[in-house]
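Colleague: Could you pick one part of this model and walk me through it slowly? I'd like the geometry and the contacts, with the cut-offs spelled out.

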Amino acid sequence: MYDVFLSFRGEDTRDNFTSILHYVLSLKSIKTFIDDQLIRGENISHSLLDTIEASSISIIIFSQRYASSRWCLDELLKILECKHNYGQIVIPVFYHVDPSHVRSQSQDSSFGKYFSELEKCYPENMQRWKNALTEAANLSGFDSHVIRSESKLIEEIANDVLKRLDSTFQSENKGLVGVECPIEEIESLLCIGSEGVCKLGIWGIGGIGKTTIAGAVFNKISRHFEGSYFALNVREAEETGGIKDLQKKLLSELLNDGNRRNIESQLNRLARKKVLIVFDDVSHRRQIESLIGCLDELASGSRVIITTRDKQVLKTCWASQIYQMKELVYADAHKLFCQCAFGGDHPDASHTELTDRAIKYAQGVPLALKVLGCHLCGRSKEEWESAMRKLEVIPHEEIQGVLKISYDSLDDSQKNVFLDIACLLEGTHRDYVISCLDACGFEPKIELSVLECKSLINLDAFDQIRMHDLLRDMGREIVRNESIDYPGKRSRLWHHNDIYEVLKKNT
């Protein structure tokens, strides 16, 4: 529920050190619990105990009178219990207190004297509290006597929390499959912490997981920036006239204010702030320019991630790095499909063969695996077999709809070339394809380049033109819909049964 739980003695630090630390942690998007609204009673509340348990890190601010509070000491017991049982990270901060005094609770120190006063009322608890204080004081932490500047001390604590959260990062990606390797590779390409503005493009076909990976990376690294924003569906915002509204939200979130009047002033302020921005589903450079202007004018250390289906967009935006999304390997595809179809990591015994058939159809595309898994979930074996037979003739409408966005962005000449390849020329040598298209009056070299940039085709090691099976099926479905009942009225024929019937009946 929380990244950090703050344990402190309110009378000592609430209005100074602790409140400033809470503010700095919040600025870094570290979700921090501070019990400034709780009414303290004799016993610690169950809700507070639950909050401690639901936090990744506990920071204990030991001050002079920390150990005079039964409430604080019971918090400490719960924090150490969570450390032992769940591996919770515990960071002690010794604020104007010597760590040895916390460790020994010596009566020679103010800390020890305040602690000893509790013995009259709670003798039965003293030994447990003593052991807890000793254990916590032996943990690696921060000493205000060593780092005398409070601003520097707070900054170092916040940075340490960021590093610890990064190393335990997992909760936001729970349920995602096959993301660990891409996240690591993209993080490496972003070079977090280095100077300059890094612009990274994530490129691939529709449904391949570009937005998912960008979101996972964003969740993991956003705390390292002074401001962050995930601009979802940029292409759609432009097409529906919502680009100005998106710009207002973006600037308001990045600058952490509600001033939406003077865009130029906001952009000038933004140029002085280290930010992380994700522009999702971009189809043209003008979309980014209309949102934020020139990316190179962002402050040094800023990072920009652009997801797109069109590699040419990344070239026109002068992307520093381009990461191409790949299909899921079989093990990850199998796991994702089973999660959607069976609610677990393994198929029902009676559906093993059909599961392999569905996974082969999806060809490692996460969207297709999810859609098929949800579509087949809870159905009988006979229904699965019927559904798979239908898919081999007619692609799933939801999958086709996502893939078709790239096709719809082509001009008429490019569409014709794409359909020729999907229906007739997929798997043939590039030179042969060029000669065929050239004879038909096309400009094949530029058309093929456009299709390749949009991830609609690719070249294999033998210079043969390849196309993802789902894209091929999508292209063939477009042609089939030209005339569903009369193959002879279609622009292209590829299936031997249709060809035989059309030639035999001269239709």
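Modeller: Sure, here's a close look at helix α17, followed by a few more salt bridges.

Some housekeeping: this is a predicted model, with local features needing pLDDT of at least 70 and side-chain atom pairs counting only at pLDDT 80 or more, while totals for chains, interfaces and linings use all residues. Residues are numbered from 1 along each chain as its sequence is written, and side-chain values use heavy atoms, with hydrogens and water left out.

Helix α17 covers residues 352-362, and α16 covers residues 330-342. Helices here are DSSP runs of H or I with at least four residues, and strands are E runs of at least two, numbered from the N terminus. The axes of α16 and α17 come within 10 Å and cross at roughly 115°. Those axes are lines fitted to C-alpha atoms, for helices over the stretch in contact, with angles running from 0 to 180 degrees between N-to-C directions. The crossing of α16 with α17 is right-handed, meaning the near helix is turned clockwise from the far one by less than a right angle.

Who touches whom? On the α16 side you have Y330, A333, H334, F337, C338 and F342, and they meet T355, D356, A358 and I359 of α17; contact means heavy atoms within 4.5 Å. Sorted by class, that contact has seven nonpolar, two polar and one charged residues. Ala, Val, Leu, Ile, Met, Phe, Trp, Tyr, Cys and Pro count as nonpolar, Asp, Glu, Lys and Arg as charged, and the others, Gly among them, as polar.

Now the charges. R357 forms a salt bridge with E392 at 3.3 Å, N to O, where the rule wants a side-chain nitrogen of Lys or Arg within 4 Å of a carboxyl oxygen of Asp or Glu. This pair links distant parts of the chain, 35 residues apart: R357 sits in helix α17, and E392 in the loop between α19 (381-391) and α20 (397-408). E392 is exposed at 53% relative accessible area, and R357 is partly exposed at 31%; buried means under 20%, exposed over 50%, partly exposed in between (1.4 Å probe, protein chains only).

By that rule the count comes to 26 salt bridges. Take R70 and D74, which meet at 3.4 Å, N to O: both lie in helix α4 (residues 70-86), four residues apart, about one turn. D74 is buried at 14%. Another is R9 with E11 at 3.8 Å, N to O, where R9 is buried at 18% and E11 is exposed at 57%. R9 and E11 also belong to a salt-bridge network with D12 and R65.
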